[in-house]
Amino acid sequence: MIELVRSGVVFNEENHTYFLGEKQLKGITGMISRQLFPDKYKAVPEFILKRAAEKGSRIHAQCQFVDTTGFTPESVEAENYLKERTKAGYKAFANEYTVSDNEYFASNIDCVWEKNEKISLGDIKTTASLDREYLSWQLSIYAYLFELQNPLIKVDKLFGIWLRGDKSELVEIGRKPDAEVKRLLECEIKGEHFLPNTPVPVDEKLLIPMQLVDTIIDIEEQASYITEVQKGYKEQLKSAMRENGVKSWDAGRLRVSYTPSS
């Protein structure tokens with residue numbers, strides 16, 4: 001029977017910090033951003049980042065709720081998460097599992113899955129597109145720390161779990177060599193800039209700033225939602241004017257005229 005080693009690191013969800021006793025450890029996502037993808041969110045407005053983070057946290061919590069309780073999913077994303085996991089034949093083994101080297105770094109792994117006595121790790125993404133290179137580094141670091149903390153367990157596979165509205169996909173992600181992962185962590189500890197030994201393959205998609213594309217998609221989705229909300233409020237205002245016999249109304253910034261049907 002597989003048993004996971006529990007980390008002594010304490011995670012503060014409110015400000016997303018990790019402490020081992022009185023010592024604060026570095027998170028993995030912040031380190032990846034500094035070392036490998038410093039311009040990943042450069043073109044993204046702050047309000048978009050905040051909204052995306054809130055949405056992502058909500059969906060993460062809903063997926064965890066499904067895994068830990070077995071109750072009916074609360075959203076289409078959580079429903080699709082359950083569908084992707086069960087279709088692949090995996091059981092939920094742990095959620096938000098904390099891993100650490102107990103000296104410098106710590107992080108929570110979204111999903112620890114089990115199938116045929118083998119463990120796989122997964123990370124949930126709700127972005128407009130799946131950044132596989134980013135996920136490869138993120139999950140490879142998680143796998144390295146996981147095996148460091150659980151020396152008797154070898155991670156079998158890594159997955160990106162993409163959930164976007166009614167769309168979903170379970171994508172197997174390639175693992176970076178442990179030697180590269182250790183070199184990256186050592187550079188961060190020493191305050192040095194890390195340069196990957198293996199260059200990222202260049203294709204047409206990589207020539208386009210995907211975060212800019214994601215931002216445009218997010219803005220269009222928000223615009224569509226706001227248009228629908230505005231339409232509903234206009235109908236309410238129209239009904240109020242009709243019921244009260246008001247043909248025109250001037251509030252300074254908003255002027256409305258209503259002509260009854262003949």
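In which sense do strand 4 and strand 5 pair, and over how many bridges? Strand 4, which covers residues 91-100, and strand 5, which covers residues 105-115, pair in the antiparallel sense, and they do so over eight bridges. Before I go further, please keep in mind that what we are looking at is a predicted model.

Let me stay with this pair of strands for a moment. Strand 4 and strand 5 form a hairpin with four residues between them, and within that turn N102 has a positive phi of about 60°. If you look along the pairing, you will find Y97 standing opposite I109 in strand 5. As a general reminder, the side chains of a regular strand alternate between the two faces of the sheet.

Y97 also takes us to the aromatic residues. A search of the whole structure finds ten aromatic pairs, and I will take two of them in turn. The rings of Y97 and F146 have their centres 5.7 Å apart and their planes at 65°, and since planes over 60 degrees apart count as edge-to-face, the pair is edge-to-face. This pair links distant parts of the chain, with Y97 in strand 4 and F146 in helix 4, 49 residues apart. Both Y97 and F146 are buried.

The second pair is that of Y104 and F105, whose ring centres are 6.4 Å apart and whose planes stand at 55°, so this pair is tilted. Are these two residues buried or exposed? Y104 has a relative accessible area of 32% and is therefore partly exposed, whereas F105, with a relative accessible area of 1%, is buried. Before leaving the aromatics, I would also point out that Y81, Y90, W113 and F159 form one aromatic cluster.

F159 brings us to D123, because F159 is among the residues that D123 touches, when residues up to four places away in sequence are not counted. D123 has its place in strand 6, which spans residues 118-125, and at 3% relative accessibility D123 counts as buried. Besides F159, the residues touched by D123 are D110, L135, Q138, L139, Y142, G160 and I161. For one of these, Y142, we can put the two separations side by side: D123 and Y142 are 19 residues apart in sequence and 9.8 Å apart in space, C-alpha to C-alpha.

Now to the helices. Two packed helices are described by the angle between their axes and the distance between the axes. Helix 4, residues 132-149, and helix 5, residues 178-190, pack at an angle of about 95°, with their axes 10 Å apart, and these two helices are therefore roughly perpendicular to each other. On the side of helix 4 the contact is made by W137, S140, I141, Y144 and E147, and on the side of helix 5 by D178, E180, V181, K182, L184 and L185. Sorted by class, this contact of helix 4 with helix 5 has six nonpolar, one polar and four charged residues.

K176 belongs in the same part of the discussion, as its place is in the loop between strand 8 and helix 5. At 18% relative accessibility K176 counts as buried, the cut-off for that class being under 20%. Leaving aside its neighbours within four places in sequence, K176 is in contact with E133, S136, W137, S140 and V181.

Helix 5 has a further partner in helix 1, which covers residues 28-35, and here the axes come within 11 Å and cross at roughly 85°. Helix 1 and helix 5 are therefore roughly perpendicular to each other. In this contact M31, R34 and Q35 of helix 1 meet L184, L185, C187 and E188 of helix 5, and the residues divide into four nonpolar, one polar and two charged.

I will finish with the strands at the start of the numbering. Strand 1, residues 10-12, and strand 2, residues 17-20, run antiparallel and are joined by three bridges, with V10 standing opposite F19 in strand 2. Their hairpin has four residues between the strands, and in it H16 takes a positive phi near 55°. Strand 2 also pairs with strand 3, residues 23-27, in the antiparallel sense over three bridges, and the bridge partner of L20 in strand 3 is K23. In this second hairpin two residues lie between the strands, and G21 in the turn has a positive phi of about 70°.

Notes: Residues numbered from 1 in each chain as written. Predicted model: local features only at pLDDT ≥ 70, side-chain atom pairs only at ≥ 80, totals over all residues. Heavy atoms only, no water. Axes fitted to C-alpha atoms, helices over the stretch in contact; angles between N-to-C directions. Parallel < 35°, antiparallel > 145°, perpendicular 65-115°, else oblique. Contact = heavy atoms within 4.5 Å. Nonpolar A, V, L, I, M, F, W, Y, C, P; charged D, E, K, R; others polar. Pairing = 2+ DSSP bridges. Phe/Tyr/Trp six-rings, centres within 6.5 Å; stacked < 30°, edge-to-face > 60°. Buried < 20%, exposed > 50% of the residue type's maximum accessible area, 1.4 Å probe, protein only.
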